[in-house]
Amino acid sequence: MKPPATAKWRGYVRIAVRGKHTEQLINELYTQEISIWDISRLGEDQVSMMLMLPDFFRLRPLLRRTGCRVHVLERYGLPFSLRQLSKRSFFASGLLLFLLGLYMLSSLVWTIEVKGNERIHTEQILEAAKKEGVFPFQWSFRLKKMDEISKEIHAQLPDATWIGVSKQGTKIMIHVVESAVPDSKKLVNPRNLVAKVDAVVTQIIASQGKAVVRPNTRVKKGNVLISGIIGSTDMPRIVPAQGTVKGLVWHEYNISVPFLTKEKTFTGAYKERQYIQLGDRRLQVSGYGGIEFANYEIIEEEEQAGVSRIKLPIKWVHEKIMEVAEVAKERSEDEAVRVGLEQAHADIAAKYGGDSRIVTEKILHQKADNGKVNLKVLFEVEQSIAVEQPIVSAPEDLRQGD
Amino acid sequence: MSRFTRKVRQWTAQLFDLPQEMMLEVPRLSMIGNRQLFIENHRGVIHFSSELMRLALSAGELEVRGQNLVIKGIWTEEVFIEGDILEVKLHGMEGQWS
């Protein structure tokens, strides 16, 4: 028979009962609902049995009635081990101290993590948190309620929209949501928009100021396109002119494209070399012997040795030496012209902005000699032509506008 | 239990298909090999040693012989005996069913 479930906690004993009427005692025991188990006979007038510790103290009247004597053979369970522990005071106090230490260390705040801040400095947030009693090595039972802390920290940080504080074990997490501040407007001085180059205006949109020219007007470099002076002549105001002005501009390009081009190609033949690199020194492992290629390119691959994230100063270097052949290619004249025009297109897009548009292109002159083709091309490009010009000297009677 | 009561109970047990030991206060023995013996409806221990055990029943008594007998557990209705059981005998139950 196994001892009852709680026997280990409450303690149980093996007792020896001596007497003439042991059977009578057994009968008495179970009728009194004292649970006994593992009863065996030790001798002529002696029986051993297991018994719960609380029941042991109920035994006395029964023993008297049946005329038996009892003594304890073995003791099991927590009450007895506790008594034994109390004899070893140093061990017991050590055990207690360990548990206490573990509890104390786990009730400290060890780390504070700040997440989600970009503009607000982490130090600033930690400073605010410290004022609310949130700092490393603080007792976590001295912390205020989390929502209260987040409210208080939020009050100290006006740039944050929301602050959430949560506790995970010994770690305090501060989540910050920064308020989105709109970009402050650039301050601009009163100005005119004038033509950058000679052009024919195609489109003019004034968002501030007065459009002086109309589409299809020919303008010269420096002509005012959008004026910063608005209002009537009696009551003029000066504003920073704003808007877009587009115009047709002529660009002349002299392009020369050679017929013959050289291209590098890999022949497919290659050789491999491998090294072990220790710091700056390399030790060749394989691929000895010279390189038999006249022209070649080396492609290098490195493998870093390391344990998880820690990098060791050891590398495995793999070199692939590939043979290169130069192939000369002859282009036709048409092809050369096409290449030249493409180059010019790319140049226009780079110089005059992505919104520039080539309206017409005209090859004025084309001549092939000395292994190349010379081109003279006129491009008509629609591009932004406005440039800012500050209004420096305003008439005295002009009031400053916004 | 009078003869009449026993008859009535036996009749009811048969009628309702009930286990007889419940109605009739007779012992029920379950034995596993020759190692374990489980006795229900006992009326107390008369004698107990490692070779012989005698149990009182509602009528008569049960005698168990063997070696290294141990009472693994004992309750008001049941006894659980373990050991090398050699004999199980019943005394004083003759003529109960006539």
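This is a guided tour of a predicted model, moving from the domains of chain A to one sheet and the helices that pack on it.

Local features are described where pLDDT is at least 70 and side-chain atom pairs count only at pLDDT 80 or more, while totals for chains, interfaces and linings use all residues. Residues are numbered from 1 along each chain as its sequence is written, chains are lettered from A and ligands numbered from 1 in the order in which they are written, and side-chain values use heavy atoms, with hydrogens and water left out.

Start by colouring chain A by domain, with bounds that come from an automatic or database domain assignment: domain 1 (7-82), domain 2 (111-178), domain 3 (188-259 + 331-402) and domain 4 (262-328). The C-alpha centres of domain 3 and domain 4 of chain A lie 51 Å apart.

Next, select strands S5, S7 and S6 of chain A, which in that order form an open sheet of 3 strands with mixed pairing. The edge strands, each pairing on one side only, are S5 (111-115) and S6 of chain A, and the twist averages 15 degrees from one strand to the next. Helices (H or I, at least four residues) and strands (E, at least two) are DSSP runs numbered from the N terminus, and two strands pair if DSSP finds at least two bridges between them. S5(A) and S7(A) run parallel and are joined by 5 bridges; to see one pair of bridge partners, pick A:Lys115 and, in S7(A), A:His175.

Now add helix H8 (residues 146-156) of chain A, which lies across S6 and S7 of chain A and runs at about 145 degrees to S6(A). Such angles run from 0 to 180 degrees between N-to-C directions, the axes being lines fitted to C-alpha atoms, for helices over the stretch in contact.

Which residues of H8(A) are buried? They are A:Ile149, A:Ser150 and A:Ile153, where buried means under 20% relative accessible area, exposed over 50% and partly exposed in between (1.4 Å probe, protein chains only). Seen down the axis of H8(A), these buried residues fall within an arc of 95 degrees, so they line one face of the helix; the arc is that of the directions from the helix axis to the C-beta atoms. On the other side of H8(A), A:Asp147, A:Lys151 and A:Ala155 are exposed.

Finally, zoom in on A:Ser150, which counts as buried at 11% relative accessibility. Leaving aside neighbours within four places in sequence, A:Ser150 is in contact (heavy atoms within 4.5 Å) with A:Ile163, A:Gly164 and A:Val165.
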